[in-house]
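Q: Let us go through this model and ask what lies behind each label. Start with the strands, please.

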Amino acid sequence: MLIDVRNDYELIDNKIIEAVNISLDHLYSELNKLDKNKPYLVFCRSGNRSKYAVDLMIKNGFTEVMDGGGINELKKLI
């Protein structure tokens, strides 16, 4: 599952349709809605917020979380 931790206004021009948007500001309160045993690939605009998001998820018991970095790099891979 792809998780986009950018803010809503950042999605207007550059969005990956398959991704679920949960901004970093709201991620902690949304963690209980996610399955801790599923694999997640987290990304943002540049890679900074995705790093924090991955750390937060791992600290809260998620077992398969990868940092996808920034959206432009991620788009080259998918």
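Q: What makes β1 and β2 a pair?
A: This is a predicted model. Two strands pair if at least two bridges are found between them. Strand β1, residues 2-4, and β2 are joined in the parallel sense over two bridges. Therefore they count as paired. Asp4 is found opposite Asn21 of β2.

Q: What makes β1 and β3 a pair?
A: Three bridges link β1 and β3 in the parallel sense. The cut-off is at least two, so this is a pair. Asp4 stands opposite Phe43 in β3.

Q: How do you know that β3 and β4 pair?
A: Six bridges join them, and the two strands run parallel. At least two are needed, so β3 and β4 pair. The bridge partner of Leu41 in β4 is Met66.

Q: What is the handedness of the crossover from β3 to β4?
A: The β-α-β crossover is right-handed, with the chain passing from β3 through α2 to β4. The label applies because, with the strands pointing away from the viewer, the path over the helix runs clockwise.

Q: What is the order of the strands in the sheet?
A: The order is β2-β1-β3-β4, in an open sheet of four strands with parallel pairing.

Q: Why are β2 and β4 called edge strands?
A: Each has a single partner strand, so one side of β2 (20-21) and one side of β4 (64-70) lack a neighbour in the sheet.

Q: Which strands does helix α2 touch?
A: Helix α2, residues 48-59, packs on the sheet and touches β1, β3 (39-44) and β4. Its direction makes about 150° with that of β3.

Q: Which residues touch the most other members of the largest nonpolar core?
A: They are Ile3, Leu34, Val42, Met57 and Phe62, in a core of 14 residues. The elements giving two or more residues to this core are β3 and α2.

Q: Which residues does Ile3 touch?
A: Leaving out residues up to four places away in sequence, Ile3 touches Val20, Ile22, Leu34, Tyr40, Leu41, Val42, Phe43 and Met57. Another core, of six residues, lies apart from the largest one. Among its members are Leu2, Ile16, Ala19 and Ile71.

Q: How many aromatic pairs does a search of the whole structure find?
A: The search finds one.

Q: Why is the pair of Tyr40 and Phe62 called edge-to-face?
A: Their ring centres are 5.8 Å apart, and the limit for a pair is within 6.5 Å. The planes stand at 75°, and edge-to-face needs over 60 degrees. Both conditions are met, so the pair is edge-to-face.

Q: What parts does this aromatic pair tie together?
A: Tyr40 is in strand β3, and Phe62 is in the loop between α2 and β4. The pair therefore ties together parts that are 22 residues apart in sequence.

Q: Are Tyr40 and Phe62 buried or exposed?
A: Both are buried. That label is given because the relative accessible area is under 20%.

Q: Why does Asn48 count as exposed?
A: Its relative accessibility is 54%, and exposed means over 50%, so the label fits. Asn48 is part of helix α2. From Asn48 to Val65, C-alpha to C-alpha, is 15 Å, with their positions 17 residues apart in sequence.

Q: What makes Tyr28 exposed?
A: Tyr28 has 58% relative accessibility, over the 50% cut-off, so Tyr28 counts as exposed. This residue lies in helix α1, residues 24-30. Tyr28 touches Leu56 and Asn60, not counting residues up to four places away in sequence. The C-alpha atoms of Tyr28 and Met57 are 8.1 Å apart, and the two residues are 29 residues apart along the chain.

Q: Why is Lys15 called partly exposed?
A: Its relative accessible area is 41%. Buried needs under 20% and exposed over 50%, so Lys15 falls in between. Lys15 sits in the loop between β1 and β2.

Q: Which residues does Lys15 touch?
A: Lys15 touches Arg6 and Lys75, not counting residues up to four places away in sequence. The C-alpha atoms of Lys15 and Asn72 are separated by 10 Å, at 57 residues apart along the chain.

Notes. Residues numbered from 1 in each chain as written. Predicted model: local features only at pLDDT ≥ 70, side-chain atom pairs only at ≥ 80, totals over all residues. Heavy atoms only, no water. Contact = heavy atoms within 4.5 Å. Axes fitted to C-alpha atoms, helices over the stretch in contact; angles between N-to-C directions. Core = buried A, V, L, I, M, F, W, Y, C linked by side-chain atoms within 4.5 Å. Buried < 20%, exposed > 50% of the residue type's maximum accessible area, 1.4 Å probe, protein only. Phe/Tyr/Trp six-rings, centres within 6.5 Å; stacked < 30°, edge-to-face > 60°.
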